[in-house]
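Colleague: I should be grateful for a close look at a single part of this model, the open sheet, with its surroundings described afterwards. Please explain how the part is put together before turning to the rest of the chain.

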Amino acid sequence: MKAVRFHEHGGPEVLRYEDAPDPVIAPHEVLVRVKACALNHLDVWTRKGMPGVKVPLPHISGCDIAGEVAGLGSIVTRIKTGQPVVVSPGISCGQCAHCLSGRDNLCRSYEIIGGYRIDGGYAEYVKVPEVNILPLPEGMTFEAAAAIPLTFLTAWNMLVTLARVRTGEDVLVMGAGSGVGSAAVQIAKLFGARVIATASTEDKLEKAKGLGADEGIDYTTQDLVAEVRRLTARRGVDVIFEHVGGPVFEKLIPALAAGGRLVTCGATAGYLVQTDLRYLFMRQVAIMGAHMGSKADLFEIMREVERGRLKPVVDRVFPLKEASEAQRVMEDRRVFGKLVLVT
């Protein structure tokens, strides 16, 4: 098959469009003919290399996959050959207490397809466990379906499962122009919150408002905390949806209302931060970390997509062989929503 792989860590130039061995499926696995695969920042971190994380090389990235079933393992019963499907990206043991309680993203052996150790969807074919296969909603394109799993799962886990967002609350969504940010705007509105979106340009803020954001803050020209206080009559927000880290994170705790919750899932601007602990205990706020979401969450998300209440946001589509250019666009932040590769 054709695939995009990297044989060493580095910049986008290390990505090679080349021949690779076809995946060989185990009895419990399904072979998927990839039609579309969306990009995520995880693809960039894996390509660059991370301290303490060993990635088997050569490696195929790509977590968000949609396609058609091309082959079935000997014990697969639920899926049919030729069926259009979307892939749930998290793989777990399926046997521990977390997995059996429906919290598989807490499994000690949790892995992401296309992440650090398992080959993913930057290829013509990928193999995944049968339990990770969901039917493609009727009428949905492969490109739209590929833009859903990782970002919507993460945003749902952060806002619904962890922060327990409620009607009437104020939610600050950092980086609303990103894939996970554009998902968060919609999920917060779905649960009746007032959404304050942040972005680096007025164009991105207008697009965020088109998804349901009530207010917008351009953090390149406006004082983030001062604007939050102004928009909330100095009260602060109930929930902060954060995935940036670094110096941005350090500014956010004072923007929380008493009893507020900050949920974070990323560190694109840096993973070492400082904060004043007095804000935490005197204002009784909570800081929570999130990693992906459960397989059950994705079923609920797909139902909301089918009802038209959540919408995947695709910015641009690239042919698979142009994966390096697509990653450059993502790193340069010239995107609103998701970038998608097609085979």
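Modeller: The account below begins with the sheet and then moves outwards to other parts of the chain. The model is a predicted one.

The sheet is open and has six strands, in the order 12-11-10-13-14-15, and the pairing is parallel. Its edges are strand 12, residues 215–218, and strand 15, residues 286–289; each has a single partner strand, so one side of each is left without a neighbour in the sheet. Direction ignored, neighbouring strands of this sheet are turned by 20° against each other on average.

Strand 14, residues 256–264, shows how the pairing works in detail. On one hand, five bridges pair strand 13 with strand 14 in the parallel sense. On the other, strand 14 runs parallel to strand 15 and is joined to that strand by four bridges. Leu262 takes part in both pairings: Leu262 is the bridge partner of Ile240, and Leu262 also stands opposite Ile287 in strand 15. Strand 14 is mostly covered, with seven of its nine residues buried.

Two helices lie across the part of the sheet that includes strand 12. Helix 6, residues 202–210, lies across strand 11 (194–199) and strand 12, and runs at about 160° to strand 12. Helix 7, residues 224–231, lies across strand 10 (170–173), strand 11, strand 12 and strand 13 (237–242). Helix 7 likewise runs at about 160° to strand 12.

The loop between strand 11 and helix 6 holds Ser200. With a relative accessibility of 18%, Ser200 falls under the 20% limit and therefore counts as buried. Apart from neighbours within four places in sequence, Ser200 is in contact with Asp218, Tyr219, Thr220 and Arg333. Of these contacts, Asp218 lies within the residue range of strand 12, an edge strand of the sheet.

Arg333 leads on to another region of the chain. Helix 11 comprises residues 323–331, and Val329 has its place in that helix. Val329 counts as buried, at 1% relative accessibility. Leaving aside neighbours within four places in sequence, Val329 is in contact with Arg316, Phe318, Arg334 and Leu339. Gly82 is 247 residues from Val329 along the chain, and the C-alpha atoms of the two are separated by 33 Å.

Helix 11 is also one of the elements against which helix 1 packs. In helix 1, residues 41–48, the buried residues are Leu42, Asp43, Val44, Thr46 and Arg47. These buried residues pack against helix 11 and against strand 1 (2–6), strand 2 (15–19), strand 3 (29–38) and strand 7 (111–112). Gly49 follows helix 1 and has a positive phi, near 95°.

Strand 7 also bounds the loop that holds Asp104, which starts from helix 2 (97–100). Asp104 counts as buried, at 6% relative accessibility. Not counting residues up to four places away in sequence, Asp104 touches Ser92, His98, Cys99, Tyr110, Gly293, Ser294 and Lys295. In sequence, Asp104 and Lys295 are 191 residues apart, but in space the distance from C-alpha to C-alpha is 7.2 Å.

Cys99, one of the residues that Asp104 touches, leads to the matter of cysteine pairing. A disulfide is a covalent bond between the sulfur atoms of two cysteines. For this model the count of disulfides comes to zero. Cys93 is in no disulfide, and the nearest cysteine sulfur, that of Cys107, is 3.7 Å away. For Cys99, the closest cysteine sulfur is in Cys96 at 3.6 Å, which is too far for a bond, as the sulfur atoms would have to be within 2.5 Å. The two cysteines also have their own accessibility values: Cys93 counts as partly exposed at 34%, whereas Cys99 counts as buried at 12%.

The whole chain provides the setting for these parts. The secondary structure comprises 11 helices and 17 strands. Of the 343 residues, 56% count as buried. The radius of gyration is 20 Å, which agrees with the value near 20 Å for a compact globule with 343 residues. Along the principal axes, the C-alpha atoms fill a box of roughly 60 × 40 × 40 Å. Among contacts with a separation of 6 or more, 69% are accounted for by residues 24 or more positions apart. The chain exposes about 14900 Å², and carbon and sulfur atoms supply 52% of that area.

Definitions and conventions: Residues are numbered from 1 along each chain as its sequence is written. This is a predicted model: local features need pLDDT of at least 70, side-chain atom pairs count only at pLDDT 80 or more; totals for chains, interfaces and linings use all residues. Side-chain values use heavy atoms; hydrogens and water are left out. Two strands pair if DSSP finds at least two bridges between them. Axes are lines fitted to C-alpha atoms, for helices over the stretch in contact, and angles run from 0 to 180 degrees between N-to-C directions. Contact means heavy atoms within 4.5 Å. Buried means under 20% relative accessible area, exposed over 50%, partly exposed in between (1.4 Å probe, protein chains only). The radius of gyration is taken over C-alpha atoms; the globule rule is 2.2 Å times the number of residues to the power 0.38. Accessible areas come from the Shrake-Rupley method with a 1.4 Å probe; for residues, only the protein chains shown count as cover.
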